[in-house]
Structures are given as structure tokens and as C-alpha cells.
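Thanks for coming. I will take you through one structure in a few minutes, so please have it open in front of you.

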Amino acid sequence: MENQASSASASLLETLVSFASVSLTPNIALIHKVQDILAEAGIESMLAPDPQDPSRSNLFATVGPVGVPGVLLSGHTDVVPVEGQPWTSPPFEATHRDGRIYGRGTADMKGFVACAVTAMVAAARQPLRRPLQLALSFDEEIGCVGVRHLLRRLENSLPAPYLCIVGEPTLMRIGTGHKGKAAYRAVCCGQAGHSGLAPRFFNAIHMASDLVASLRDVQRELAQSGPREEGYGVPYSTVHAGVIHGGRALNIVPSECEVSFEIRNVSEDKPEQILKRVLERLAERVKKEALDPAAPLPDIQMTNSYPSLNTREDSPAVGLLASLLPAGTPCARVDYGSEGGLFQQSWNQTPVLICGPGSIEVAHKADEYVELAQIEACDRMLAGLVEFLCR
Ligand SMILES: [Zn+2]
């Protein structure tokens, strides 16, 4: 077992892992650490904290000329919780074993953050002709929540980046897209009453199950005839109910039932149109079941959403990133969301690509790890990028 970090990035990754920056808990100590490292290299950085809670913050820094489009490196500093997972080494302590670094966030995505900070420091010593920029966020894992505070600050003050690289784990492949997501909470209201007289009362669970059945109707339609985007595990938009709560006792007609569901849409679909179809199917069911037309329909609120990401494989941005990676590096779509869709939305024409060390297969699990070879590959890509920015 070697316990020596082999590069500046690997060593910084060890430090970053030691901050237990779980989503919704403070990340400010980690942010200050990065700020100190950048400051030592003469790079100023700007913090964009949660307005309600300054213990959680984004960081933005730029190095090189100002007022010129640059390349933005984006990473999130939060990690998912470790409770209930069978870790064989301490999750918030980097452990070297078999050419890998184990620890929470090593793949998702402190490995990339470490490489990106190291690249910023290296770039500060180079005669850049275009800037290299760093955007680190908080609370990404709970629906890209934190970065929105940063984007509001940057939108009108920063020229649209030439390229944005989101370093989520792709095994250093070129991620050109991901689906969008919209999450909803539906509250179905009924009337409490004696179950012996059940048909006299509106049953909230019955309405909720009609809603779930309508979600499944629409899923079937999307699978059969919805737009397809190849490269995803499921090449069409998906609809799914994830949480349901309702009822108090078997002998009481339930007065309330809550269903949480989500839509994950390919870029050709719009979640609001899919939701509209769900409500149409529900109306048909209510009619077919001859439910009392006075029965209240579910009250549906969107709880979170982020847009899909779709960057053309023949775009110059893909050409640039491919030129920094080994010949033949494939393009791929990824089955998770990222801040990339929000970056693309903020600066309309900015090409956004996902490329980072480690595999999503080991993320969010016990014994998450990143191969040291992946960190080295990311360092090489970013060194090539810094060279490109000097041209
Ligand atoms: Zn991530």
C-alpha cells in the first residue's frame, strides 16, 4: 500500500476528500482552502454564497486576459451522504490502494476539482491569450441548486465562455449530452369518512393511483412513439413515480395522498408538454371510471428542474476537446444530470461538454474511488488546454 500522492492534483484530492462537504451542510472550509491555494498563485476569486446561509458557497475565479471569452471549468464541491453504506475505509479520508484513491467524492467529483484547481495555478504562470476560468458550486447533488446563485452573478458580467467543461465522471470520454429533469409533488385531496360508506366520499388514494396509472400510460406512449436520442441507457424521455404517502387507517376513507414523480426528458421533449399529457390521460381516466366530476384533481407543484444538455458532435468544441484527449476518445451521452444544461441556458450559444476522471458506476456508493491513471489523464488534458489558451 503506497500512501504517497504522486502529483499535485492527487495530493489536493486527498485534501478535498477530508472535507465532509455533504450537500446541505457547510462547504465553506473547502472553498476557503481552494481560495488560499489560488491566492498563493496570485489568482483572485469571488464567492457567491447561499443568500440564506453563508456557510455554503460557490467560488468563481479567472486567470488571464479579461473581457475575452475563455474556457470555464465547472465542478461541484458537495458529495452525497455515506450513512448506511458499507465502507471498508474511512469515507472522508483518502486511501491509496492498487493504483486507486478511495474516498467519498473521489469520482463525483473532487478528482476533477483537484485537477482544475491545479490547472488554474499552472495557467497563472503562462502567457494566456484567453482566460481559464473555474466555477465551483455547492448543493449540486440535490438538483443543481447552488450554482444558480453563481450564474445570476455571472450572466451579465462575464462574456459567454468559448467552451465550458463540466468535470462529472466520464472516464475522460467526451460527454455531449444528458436529459433534463423536472420533479413534481402532487397532492391529492379526498374526504375522510367511514369506510363502510366508502363510495360516498372522494378517496385520495384512488385519485393518486389514477395519476400513477396516467404516468404509466404516458411512459408507454413515449417508449412507443416519443422522440429518440440514441446513446442513453433509455433512448427516450422517462416518467416515474418515486414516493407515495397516503391514508391513516384501513377503516377511514383517505383524505390525502401525496405522490412525488419526475420527468427526465430528451432535448426534443419539453417536460411541461409531457405533464400536460399526463393530465389529459388522468382526465380520461376520471371520466372512464365515472368518478364524481366534483372530485378534486391533484394539485401539482414543480419542486425542481434543470434543462437537458445537447451539444452537437460535429461542433468545434468537440473538435477542440478531442484534440486534447487520446486519439479515438469516444463521444457519449450520460445518464445523469449536471450543471451543464444551466450553463448552456445562461449563455445561449456556449458549447458545454462533460469530461472528468473516474466512473459514474462507482459514484454515490461505498468505496467510491478514482484511478490515479484517470487523474493523470485529466491533468494531461488540462495541460493541453492551458497550452491551447496561450496560442
Ligand atoms: Zn456529480
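Arg185 has Ser260 as its bridge partner in β11. That pair belongs to a longer run: strand β9, residues 180-189, and strand β11, residues 256-265, are joined antiparallel by 10 bridges. Please keep in mind that this is a predicted model.

Now the sheet around that pair. Its four strands follow the order β10-β11-β9-β12, the sheet is open, and the pairing is antiparallel. At the edges sit β10 (238-246) and β12 (299-306), each of which pairs on one side only. On average, neighbouring strands here are turned by 15 degrees against each other, if direction is ignored. Which helix packs on this sheet? Helix α6, residues 271-288, does, and α6 touches β9, β10, β11 and β12. The direction of α6 makes about 135 degrees with that of β11.

There is also an annotation to mention. An unreviewed UniProt entry lists "domain: Peptidase M20 dimerisation" for residues 176-288. In the model, that span is 35% helix and 28% strand, and its end C-alpha atoms lie 44 Å apart.

Next, strand β6, residues 132-137. Is this strand enclosed or open to the outside? Six of its six residues are buried, so β6 is largely enclosed by the rest of the structure. In general, side chains of a regular strand alternate between the two faces of the sheet. In β6, Leu132, Leu134 and Leu136 point one way, while Gln133, Ala135 and Ser137 point the other way, and all are buried.

β6 has strand partners to look at as well. Strand β2, residues 53-63, runs antiparallel to β6 and is joined to it by five bridges; Leu59 has Leu136 as its bridge partner there. β3 runs parallel to β6, with six bridges, and Val71 is paired with Leu132.

Last, the metal site. Which residues coordinate the zinc ion? The donors are His76 through NE2, Asp108 through OD, and Glu168 through two OE entries, at 1.8 to 2.7 Å. Along the sequence their spacing is H-x31-D-x59-E. His76 lies in strand β3 (residues 71-76) and Asp108 in helix α3 (residues 106-123), 32 residues apart, so this pair links distant parts of the chain. Why is the arrangement called irregular? Because the four donor atoms subtend angles of 52 to 143 degrees around the zinc ion, and a tetrahedral site would need all angles between 85 and 135 degrees. His76 is buried at 0% relative accessible area, and Asp108 is buried too, at 3%.

How values were computed: Residues numbered from 1 in each chain as written. Predicted model: local features only at pLDDT ≥ 70, side-chain atom pairs only at ≥ 80, totals over all residues. Heavy atoms only, no water. UniProt positions renumbered as here; feature names shortened; annotations may be inferred. Helix = DSSP H or I, 4+ residues; strand = E, 2+ residues; numbered from the N terminus. Donors = N, O, S within 2.8 Å, 3.2 Å for Na, K, Ca; no water. Tetrahedral: all angles 85-135°; square planar, octahedral: opposite > 155°, others 65-115°. Buried < 20%, exposed > 50% of the residue type's maximum accessible area, 1.4 Å probe, protein only. Pairing = 2+ DSSP bridges. Axes fitted to C-alpha atoms, helices over the stretch in contact; angles between N-to-C directions. Contact = heavy atoms within 4.5 Å.
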